[in-house]
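Student: I should like a close look at how one helix is packed against its neighbours, and at the core beside it. Could you take me through that part in detail?

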Amino acid sequence: MKYVIETQHLYKKFGNVTALDDINIRIQEQEFVAIMGASGSGKTTLMNILTGLDTATEGKVILDGVDAAQLDEVGRQRFRAEKIGLVFQQFHLIPYLTALENVMLAQHYHSVIDEKAAKAVLEQVGLAHRIHHRPNQLSGGEQQRVCIARALVNQPPVIFADEPTGNLDEQNEHLVLELLKNLNAQGRTIVMVTHNPELGALTDRTIYLHHGKFLKEECNAK
Ligand SMILES: Nc1ncnc2c1ncn2[C@@H]1O[C@H](COP(=O)(O)OP(=O)(O)OP(=O)(O)O)[C@@H](O)[C@H]1O
């Protein structure tokens, strides 16, 4: 069995708050996993450590067989850029760039720009007709789809999404989830934080956190 993400005795402390308390999880290649739990249970903290946006107080994260903490800063950034795509609740699009330019900016930071490939991912998320629009000319659902295109454009094997539908209405929520499911069906591993049990149930497996601890996990019916 190949695990693409593995945590070993992960702890995160903020002063005297233990946000993560001995988390040991394994996520298989091509799995779609939801992380759920009450507010303050440690979901975002876990996501931030898995993606390298924050560091653990103790313990390890092994991503695709590699403990990125052992790499130097440049190696770590390169490794993450190759392996991970990120989607957030807040879209974090550059307001004065078009959808296409926002996606091409991610290519620029990664390696070289390739307009054809950027257009292809925007097409993949159903936005072929909106590529020259700026974020304020797009609906919330469309903006989140640009973010997914941006996360996808460098072809990372793993996508992390923290409350990706938190700012969307129900219709767009389902659209974005369908899109993530399609990407998963095409072979990507997806880890998604959500508050919504209905969305969680559409993934392969739900991991529940409670006060920073692993509470339980459930395999979801197909
Ligand atoms: N930078 C920080 N400094 C101090 N405490 C923090 C910090 N970030 C998170 N915490 C604390 O760690 C705990 C876990 O927070 P976290 O944001 O991971 O929870 P969450 O499950 O994502 O919550 P929500 O669903 O409300 O986003 C909380 O008690 C929170 O107050």
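**Helix 3 and its surroundings**

Tutor: In this predicted model, Ala-99, Leu-100, Val-103, Met-104 and Gln-107 of helix 3 are in contact with Glu-115, Ala-118, Lys-119, Val-121 and Leu-122 of helix 4. Sorted by class, the residues of this contact are seven nonpolar, one polar and two charged. As for the geometry, helix 3 covers residues 99-110 and helix 4 covers residues 115-124; their axes come within 9 Å and cross at roughly 120°. Helix 3 is therefore oblique to helix 4. The crossing of helix 3 past helix 4 is right-handed.

Helix 3 also meets helix 5, which spans residues 140-152. Here the axes of helix 3 and helix 5 come within 8 Å, with a crossing angle of roughly 30°. An angle under 35 degrees counts as roughly parallel, so helix 3 and helix 5 are roughly parallel to each other. Helix 3 passes helix 5, too, in a right-handed crossing. On the side of helix 3 the contact is made by Ala-99, Asn-102, Val-103 and Ala-106, and on the side of helix 5 by Val-146, Ala-149 and Arg-150. The classes in the contact of helix 3 with helix 5 are five nonpolar, one polar and one charged. Ala-99 and Val-103 appear in the contact with helix 4 and again in the contact with helix 5.

These contacts lead on to the core. The largest nonpolar core of the model has 60 residues, and those with the most contacts inside it are Ile-35, Val-103, Leu-122, Ala-149, Phe-160 and Val-191. Helix 5 supplies the largest share of this core, with six residues. Val-103 and Leu-122 take part in the contact of helix 3 with helix 4, while Ala-149 belongs to the contact of helix 3 with helix 5.

Ile-35, another of the core residues named above, touches Lys-43, Leu-46, Val-191, Val-193, Ile-207 and Leu-209, leaving aside residues up to four places away in sequence. Val-33 lies in strand 4, residues 32-36. With 22 other C-beta atoms within 10 Å, Val-33 is buried, because 20 or more are required for that class. Beyond residues up to four places away in sequence, Val-33 touches Ile-27, Val-191, Thr-203, Asp-204, Arg-205 and Ile-207. Val-191 and Ile-207 are thus touched by Ile-35 and by Val-33. Val-33 and Met-192 are 159 residues apart in sequence, yet their C-alpha atoms are 6.3 Å apart in space.

Definitions and conventions. Residues are numbered from 1 along each chain as its sequence is written. This is a predicted model: local features need pLDDT of at least 70, side-chain atom pairs count only at pLDDT 80 or more; totals for chains, interfaces and linings use all residues. Axes are lines fitted to C-alpha atoms, for helices over the stretch in contact, and angles run from 0 to 180 degrees between N-to-C directions. Helices (H or I, at least four residues) and strands (E, at least two) are DSSP runs, numbered from the N terminus. Angles under 35 degrees count as roughly parallel, over 145 as roughly antiparallel, 65 to 115 as roughly perpendicular and the rest as oblique. A crossing is left-handed if the near helix is turned anticlockwise from the far one by less than a right angle, and right-handed if clockwise. Two residues are in contact if their C-beta atoms, placed from the backbone, lie within 7 Å. Ala, Val, Leu, Ile, Met, Phe, Trp, Tyr, Cys and Pro count as nonpolar, Asp, Glu, Lys and Arg as charged, and the others, Gly among them, as polar. A nonpolar core is a set of buried Ala, Val, Leu, Ile, Met, Phe, Trp, Tyr and Cys residues joined through C-beta atoms within 7 Å. A residue is buried if 20 or more other C-beta atoms lie within 10 Å of its own, exposed if 12 or fewer, and partly exposed in between; C-beta atoms are placed from the backbone.
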